[in-house]
Amino acid sequence: IAFAPTTVGLEQATLVVVDNATGSPRLVPLSGVGTPAAPVVCLSTGGPLVFPSQLVTTTSAVQTVTILNCGSTNLNVASVSVAGFGSNDFVVTQDCISGSPIAPGNTCAINVAFAPQAAGTRQATLTVTDDSAGGPTTLLLQGVGTALTPAICFSGNPVNFGTVFVGTTGSLQSV
């Protein structure tokens, strides 16, 4: 027996089994609740999207979050945004706003890069505004900005003074 509701709400019926044994007919109560068809967002990651340490003012490699419509009707994405204290540190380079809905069982990719503007732990929230059951969908973004520090770098060429007589000074060389 399968339940295939045609309306929203509680449905009840009785299964009647007629046989030649004592106690016939046998009655089995059936019930189920019909719910409206809805898209459901399933993300490829269950936890935060964590980026490795990144030098301040440089941009990381992109990380991808995949949205799967695991519901029963088309999913429409209205917007993808980053909000929170570190919102300027994360860049959405690809979103799922194409004007076309995501059919049940299909996917869409959201690409995010980390471009810290300050040193330290940076956090923001990626928000996907859609028409899914339970929407909007949010995901924590995390990364650590590493401060630029001064460094001394010497040229890779060896310094060659050539042949110099003992007790004399060779020519000046630059490093």
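User: In this predicted model, which residue in S10 stands opposite valine 82?

Analyst: The model is predicted. Strand S7 covers residues 77–83 and runs antiparallel to strand S10, residues 120–130, with 6 bridges joining them. Across from valine 82, the residue in S10 is leucine 126.

User: How many bridges join S10 to strand S11?

Analyst: S11 spans residues 137–146 and runs antiparallel to S10. One facing pair puts threonine 121 opposite valine 144 in S11. The number of bridges joining S10 to S11 is 9.

User: Which residue in the turn between S10 and S11 has a positive phi?

Analyst: S10 and S11 form a hairpin, with 6 residues between the two strands. In that turn, a positive phi of about 85° belongs to glycine 134.

User: Which strands make up the pattern of the protein, and how many are there?

Analyst: The protein has 0 helices. Read along the sequence, its pattern is β-β-β-β-β-β-β-β-β-β-β. The strands, which include S7, S10 and S11, come to a count of 11.

User: What kind of aromatic pair do phenylalanine 51 and phenylalanine 90 form?

Analyst: A search of the whole structure gives 3 aromatic pairs. For phenylalanine 51 and phenylalanine 90, the centres are 5.9 Å apart and the planes meet at 50°. Planes under 30 degrees apart would count as stacked and over 60 as edge-to-face, so the rest are tilted. The pair is therefore classed as tilted.

User: How many residues apart are phenylalanine 51 and phenylalanine 90?

Analyst: Phenylalanine 51 sits in the loop between strand S4 (49–50) and strand S5 (54–55). Phenylalanine 90 belongs to strand S8, residues 90–94. The pair links distant parts of the chain, with a separation of 39 residues.

User: Are phenylalanine 51 and phenylalanine 90 buried or exposed, and which residue joins them in a cluster?

Analyst: Both phenylalanine 51 and phenylalanine 90 are buried. Ring pairs link these two into a cluster with Phe114.

User: What radius of gyration does the protein have?

Analyst: The C-alpha atoms fill a box of roughly 125 × 35 × 30 Å along the principal axes. A compact globule of 175 residues would have a radius of gyration near 16 Å. The protein instead has 32 Å.

User: What percentage of the residues count as buried?

Analyst: The accessible surface of the protein comes to about 11,200 Å², and 57% of this belongs to carbon and sulfur atoms. Of the 175 residues, the buried share is 23%.

Terms used
Residues numbered from 1 in each chain as written. Predicted model: local features only at pLDDT ≥ 70, side-chain atom pairs only at ≥ 80, totals over all residues. Heavy atoms only, no water. Pairing = 2+ DSSP bridges. Helix = DSSP H or I, 4+ residues; strand = E, 2+ residues; numbered from the N terminus. Phe/Tyr/Trp six-rings, centres within 6.5 Å; stacked < 30°, edge-to-face > 60°. Buried < 20%, exposed > 50% of the residue type's maximum accessible area, 1.4 Å probe, protein only. Rg over C-alpha atoms; globule rule 2.2 N^0.38 Å. Areas by Shrake-Rupley, 256 points an atom, 1.4 Å probe, with all protein chains shown as cover.
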